[in-house]
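Hi,

Here is the structure I said I would pass on. Have a look at it first, and then read on for what turned up.

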Amino acid sequence: MDEDAAAVPPHEVGARPAVPAARRLGELLREVARGDERAFGEVYDLVSPTVYGLVRRILRDPAQSEEVAQEVLVEVWRSACRYDERRGTPQAWVMTLAHRRAVDRVRSEQAATDREARAAASDTRRPYDEVAEEVTDRMESERVRRCLDTLTELQCESVRLAYYGGYTYREVARLLTTPLGTIKTRMRDGLIRLRDCLGVEW
């Protein structure tokens, strides 16, 4: 067994960086970069407790911390070839990956929470009951039809043409070949009867 690796227990790697362990981890990362699964197993044992500890301090949630720590170690496996010893120690590189992943998760969770809060705040409209609205409309239409049936034929035709057809009084008079004054009178009487029938005020 490598004396350097044996000199530093796995749970102390990262918490108190030791030069021999750092050198060993650097060697292992180079082997991992070449696809050495055994070397990755050693890397896993050396850094996983520290990675989990850092992620846990940021996320607090144990389940999410385990998930993110696993993601970090997978990233170490996939991107070991990118480690450049000139830019820092191997522990620092791994911890940077862990910190970045944990912060990304916090931001993602916060963004999801914000989206849900905005959605809940904007969804204050009264629920639209399409069936109830349709039933109400039908009942109103039926009521109006019944009341129109209580009018005389001339009153009913005049009201229909004016209110449903959009014709002016003069146009209604022309269409029904009836004097304008008669149309106005019939229309007024018809509207009064309609109002009384519907029980509304206007």
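Which residues are linked with R24 in a network of salt bridges? The answer is E27, E31, D36, R38 and E42. Before you go further, keep in mind that this is a predicted model.

**Charged pairs**

That network is part of a longer list, as searching the whole structure gives 14 salt bridges. The residue I would point you to is R105, which pairs with E67 at 3.1 Å between the closest N and O atoms. This one joins distant parts of the chain: R105 sits in helix α5 (residues 90–122) and E67 in helix α4 (residues 62–79), with their positions 38 residues apart in sequence.

R105 has a second partner in E71, where the N to O distance of the salt bridge is again given as 3.1 Å. Here too the link runs between distant parts of the chain, from E71 in helix α4 to R105 in helix α5, 34 residues apart.

How buried or exposed are these three? R105 counts as buried because its relative accessibility is 14%, under the 20% cut-off. E67, at 43%, counts as partly exposed, and so does E71, at 25%.

Elsewhere, R195 and D196 form a salt bridge, with 3.4 Å between the closest N and O atoms. R195 is partly exposed, at 26% relative accessibility.

**Nonpolar cores**

On to the greasy side of things. In soluble globular proteins, nonpolar side chains tend to be buried together. The largest nonpolar core here has 26 residues, and the members that touch the most others are V43, V47, V51 and V76. Helices α2 (19–33), α3 (37–59), α4 and α5 each put in at least two residues, with α3 giving the most, nine.

If you want one residue to click on, try V76. Not counting neighbours within four places in sequence, V76 is in contact with L29, V32, F40, V43, W93, V94 and L97. A separate core of 14 residues lies apart from that one, and its members include C147, A173, M187 and L194.

**Where I would start**

Bring up R105 with E67 and E71, since helices α4 and α5 are linked there by both salt bridges. After that, colour the 26-residue core and look at V76 within it.

Cheers

Definitions and conventions: Residues numbered from 1 in each chain as written. Predicted model: local features only at pLDDT ≥ 70, side-chain atom pairs only at ≥ 80, totals over all residues. Heavy atoms only, no water. Salt bridge = Lys/Arg side-chain N within 4 Å of Asp/Glu carboxyl O. Helix = DSSP H or I, 4+ residues; strand = E, 2+ residues; numbered from the N terminus. Buried < 20%, exposed > 50% of the residue type's maximum accessible area, 1.4 Å probe, protein only. Core = buried A, V, L, I, M, F, W, Y, C linked by side-chain atoms within 4.5 Å. Contact = heavy atoms within 4.5 Å.
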